[in-house]
Amino acid sequence: MKLRKGTHNATGLKFGIVVSKFNKFVTSKLLSSCVEGLTKHGVVPEDIEVVRVPGAFEIPLVAKTLAGTQRFDAVICLGAVIRGDTPHFDYISAEASRGIGQAALDADVPIIFGVLTTDTVAQAIVRAEPTKFNRGGEAAKSAIEMATVMQMIRGGEGTTPSKDNVGKNGATRRSARKRAS
Ligand code: INI
């Protein structure tokens, strides 16, 4: 039996981040802790590209487009949808989650769902807080784990990413696969 699982060593990996401006007092915290999570695990700042969008509703299209460039090992989506007095919350949160899931399948690249959906502002704040739930940092870890496990599955050998998964220019097996097709 072969066990395949991702690692948290992100050296040489590249990440795109889509972050929404709506509820910026929450999403800015998600973004900073996500970037910190990536760099803590070996990603260099030049290998992180951040795109800001108006709200969570706009995240899926940009995530799919970023992933489709094949320049990233994973894309991370960050947003905060907070329930109000109308059904608006349900439409935005449902579309963001459905769209992000679909984007990953369409682009064939890991896309991480780091969008908070909460009933109250207080719940959102505590989830974004790096010293509490740290959802931004968790999104970073999930992205690294998915990027490395996809490399392994696609590379087909070993139970950890092997050095020959990385080409001369730092391109991973996934981008090599794209060049070959
Ligand atoms: N966008 C969010 O990211 N969070 C919210 O809580 C939110 N609420 O509550 O309205 C929200 N709305 C904006 C939406 O995402 C779009 O940007 C807008 O509808 C334009 O398409």
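Axes here are lines fitted to C-alpha atoms, for helices over the stretch in contact, and angles run from 0 to 180 degrees between N-to-C directions. With that in hand, let's work through this predicted model.

**Exercise 1.** Work out how helix α2 and helix α3 are oriented relative to each other.

*Solution.* Start with the geometry: α2 (residues 59–68) and α3 (residues 88–107) pack at an angle of about 15 degrees, and their axes are 8 Å apart. Angles under 35 degrees count as roughly parallel, so α2 is roughly parallel to α3. Next comes the handedness: α2 passes α3 in a right-handed crossing. Finally, look at who touches whom: Ile 59, Pro 60, Lys 64, Ala 67 and Gly 68 of α2 meet a set of α3 residues including Glu 95, Gly 99 and Ile 100. Sorted by class, this contact has seven nonpolar, two polar and three charged residues.

**Exercise 2.** Do the analysis again for helix α1 and helix α4.

*Solution.* The axes of α1 (residues 24–40) and α4 (residues 121–128) come within 9 Å and cross at roughly 15 degrees. The two helices are therefore roughly parallel to each other. Their crossing is left-handed. On the α1 side, the contact uses Phe 25, Val 26, Lys 29, Leu 30 and Ser 33, while α4 supplies Val 121, Ala 124, Ile 125 and Ala 128. These residues divide into seven nonpolar, one polar and one charged.

**Exercise 3.** Find polar side-chain atoms close to ligand oxygen atoms.

*Solution.* First list the surroundings, among them Phe 22, Asn 23, Glu 58, His 88 and Ile 92. Then check distances:

- Asn 23: a polar side-chain atom lies 3.3 Å from a ligand oxygen.
- Glu 58: a side-chain N or O atom is 2.4 Å from a ligand oxygen.
- His 88: a polar side-chain atom lies 3.3 Å from a ligand oxygen.

Conventions:
Residues numbered from 1 in each chain as written. Predicted model: local features only at pLDDT ≥ 70, side-chain atom pairs only at ≥ 80, totals over all residues. Heavy atoms only, no water. Helix = DSSP H or I, 4+ residues; strand = E, 2+ residues; numbered from the N terminus. Parallel < 35°, antiparallel > 145°, perpendicular 65-115°, else oblique. Left-handed = near helix turned anticlockwise from the far one by under 90°. Contact = heavy atoms within 4.5 Å. Nonpolar A, V, L, I, M, F, W, Y, C, P; charged D, E, K, R; others polar. Near = heavy atom within 4 Å. Polar contact = N/O pair within 3.5 Å; in protein donor to acceptor, adjacent residues only side chain to side chain.
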